[in-house]
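Trainee: Could you walk me through this one before I go and look at it on my own?

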Amino acid sequence: MMGQGRLAAWTVGLAALVALPFVYRDPYHLHILVLILIWSFAYTSWSMMGRFGLVSLGHGGFMGIGAYVTALLWNHVGLSPWIGIPISMAAAGVLALIVGYPCFRFRITGHYFVLVTLALSGIVLQVITATRDYTGGSLGYTPSRTLGNKLLALQFDDKTTWYLIALGVWLVGIIVWHLIDRSMSRYALEAISEDEDAAAAAGVNVTAEKLKITLISALMTALAGAIYCQYQMFITPDTVSGIAVSLQMVFAAIVGGLFVSLGPTVGAVITILLAETLRIGFGTRAVGWDNLVYGVLLVLFIIFLPKGILGSVLDRLKPQRKVPRAHEQEAVQIARPGA
Amino acid sequence: MLEVSGLVKRFGGFTAVNNVSFKVDQGEILGLIGPNGSGKSTIFNMLSGTLVPTSGSILFAGHEIAGLGPHRIINRGIGRTFQIPRPFRRLTIFENVALAGFYGQGRHSRAKAEEAAERSLAMVGLPTDRHASVDGLGAAGLKKLELAKALATAPKLLLADESLGGLDDAEMDQAADMLRNIRDQLGITIIWVEHIMGVLMRVVDRVMVLDHGEKISEGLPSVVAGDPRVIEVYLGTDAETTQAAAAEARRRAGG
């Protein structure tokens, strides 16, 4: 339950975040904030599954579908993103069910589930690259600039508008996280992540519960991809889909903290600041370094701080643990399924 | 209320349960005994939906349930405990039971599930405190939790799988009394699988004995305990221990 103090803290924090772009207008810094918010939303979406031991490396695929389907519908059919985004989300949702159902029905868990989803990421990347006549392939793709109504085209020039949109979407992600955290579905999914047979013996429809959370996670990730595309107005297969993007989600969620609502957001702050610092400090010489640093960080975190930065800080502040000690081991298991 | 006929389960070339038929009446406690590997747990797993029978029929309250998924069978009113307790350690004791109360009763209302959890925890004698961790429970506590989870699903028929393994004598008697209370107070029919024959014989109304996947005897505890076939397969052929055990079983059954 949310106490008075926490509610007040959230209200004040949110008011400050909403007021920020009206007080502080540095476009570069706002740009970084928008990126952080959009990626936070994507990482939060991933963590909805990840926190229950469903480690997906397929989320790059969902994100790519969100971005490309929206942009393709706009450029080729002239369909407004207001309709294109729901369609792209539905497409990602259908794909999630097609991949998820056989996995869950036939109990493909742990390493094998990771491998299946990894293949999904790879396939989406390959399809985007292979259909270069439509998608521009690895050179990237740009939604056409609208000459008409900017709202209809979901294209805005000023950073403040985008900041507020990204903030709203991010907030939706956090709210959904909390709704699930406080629902009976969390009990069921925690139970499933420990022991599927015992969960079934308690009456849980294991396949349905797993499909439900997978669907929610995929829909949200596709939305993140679409919003990213509308904001950047330029997407490439490597920036919105594929295995690298999927891995980045895992890094960020684990580094920030998988079991707390703001953990993935902390992860996004760290990964994006890191990438920007490397880009500005070292320029083109540092291309790809961020991935190297993520890799090293991930290894260190899994060993020394499995609950992530925010999770560990909150634990220190709290006199009494809400979760048992065994939980920390779980975090390691989630990062290394089957270990 | 439960009518099993011609139940068969094969794993490859091995027949774990061979043509077993039996009936359980409303309000009865049926004991199911037999040596290790005699097919008791396999029968339980088929009744609860964890395993699909190779052939045969399981009628529960007049409906065929053989081959239904476990969550469907729970929702029809058959609850189970596991031989080795399987608590969810990432949830509190209360959440463990509330989960079963919610999903086991067809996901109606959270308030109802939490009520069921409180009732079940009180019934088995566990604290109803909402924050107590499973890690604080010992062997006896985990068995109680297992039972509370099954009760929270509001079963009409409870499948209790070797619920006394690993307990001392006093705890065993206590647990046996609890099963009887569950039947007497809640009117729940029980099938009880147990290794420890003495305690079982004292509580059950009827007992069924399995060996190598086949039913070899069935009837009142005092009669079955004296059945030479049962004594031979279940207690071994060593004359002295056999007689002592049979005497003990009769004494327990009588008392």
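What follows is a short round of questions on confidence, the chain contact, sheets and helix packing.

Mentor: Ground rules to begin with: this is a predicted model, where local features need pLDDT of at least 70, side-chain atom pairs count only at pLDDT 80 or more, and totals for chains, interfaces and linings use all residues. Residues are numbered from 1 along each chain as its sequence is written, while chains are lettered from A and ligands numbered from 1 in the order in which they are written.

Trainee: What ipTM does the predictor give the complex, and what is the mean pLDDT of chain B?

Mentor: pLDDT is the predictor's confidence in each residue, from 0 to 100. In chain B, 90% of the residues reach 70 or more, and the mean is 88. For the complex, the pTM is 0.87 and the ipTM is 0.85.

Trainee: Which helix of chain A gives the most to the side that touches chain B?

Mentor: Contact here means that the C-beta atoms of two residues, placed from the backbone, lie within 7 Å; chain A brings 20 residues and chain B brings 25 residues. Helices (H or I, at least four residues) and strands (E, at least two) are DSSP runs, numbered from the N terminus. On the chain A side, helix 9 (184-194), helix 10 (196-201) and helix 17 (326-335) each supply at least two residues. With 6 residues, the top contributor is helix 9 of chain A.

Trainee: How many residues on that side of chain A are nonpolar, polar and charged?

Mentor: Ala, Val, Leu, Ile, Met, Phe, Trp, Tyr, Cys and Pro count as nonpolar, Asp, Glu, Lys and Arg as charged, and the others, Gly among them, as polar. Sorted that way, the side of chain A that touches chain B has 12 nonpolar, 3 polar and 5 charged.

Trainee: Helix 9 of chain A also packs on helix 11 of chain A, so to speak; at what angle?

Mentor: Axes are lines fitted to C-alpha atoms, for helices over the stretch in contact, and angles run from 0 to 180 degrees between N-to-C directions. A:Ser185, A:Ala188, A:Leu189 and A:Ile192 of helix 9 meet residues of helix 11 including A:Val206 and A:Ile213. The two helices are therefore roughly perpendicular (65 to 115 degrees; under 35 is roughly parallel, over 145 roughly antiparallel and the rest oblique). Their axes are 10 Å apart, and the angle is about 110°.

Trainee: What is the handedness of the crossing of helix 13 of chain A and helix 14 of chain A?

Mentor: Helix 13 (residues 242-256) and helix 14 (residues 263-282) of chain A pack at about 115°, their axes 7 Å apart. That makes helix 13 of chain A roughly perpendicular to helix 14 of chain A. A crossing is left-handed if the near helix is turned anticlockwise from the far one by less than a right angle, and right-handed if clockwise. For helix 13 and helix 14 of chain A, the crossing is right-handed.

Trainee: Over to chain B: which strands are at the edges of the sheet of 4 strands?

Mentor: Two strands pair if DSSP finds at least two bridges between them. The open sheet runs in the order 2-1-4-5 in chain B, with antiparallel pairing. Strand 1 (residues 2-11) pairs with strand 2 (residues 14-24) over 7 bridges, and 5 bridges join strand 1 to strand 4 (residues 55-60). Pairing on one side only, the edge strands are strand 2 and strand 5 (63-64) of chain B.

Trainee: Which residue in the turn between strand 1 and strand 2 of chain B has a positive phi?

Mentor: Those strands form a hairpin with 2 residues between them. Within strand 2 of chain B, the bridge partner of B:Leu2 is B:Val24, and that of B:Val4 is B:Phe22. The turn residue, with a phi of about 60°, is B:Gly12.

Trainee: Why is one side of strand 6 and of strand 10 of chain B left without a neighbour in the sheet?

Mentor: The sheet in question is open, with 6 strands in the order 6-7-8-3-9-10 and mixed pairing. Strand 3 (residues 29-33) and strand 9 (residues 206-211) of chain B are parallel over 4 bridges, whereas strand 9 and strand 10 run antiparallel with 5 bridges. Strand 6 (78-80) and strand 10 (214-219) of chain B have one side free because each stands at an edge, with a single partner strand.

Trainee: Which residue stands opposite B:Met208 in strand 10 of chain B?

Mentor: B:Met208 of strand 9 is also the bridge partner of B:Leu32. In strand 10 of chain B, the residue opposite B:Met208 is B:Glu218.
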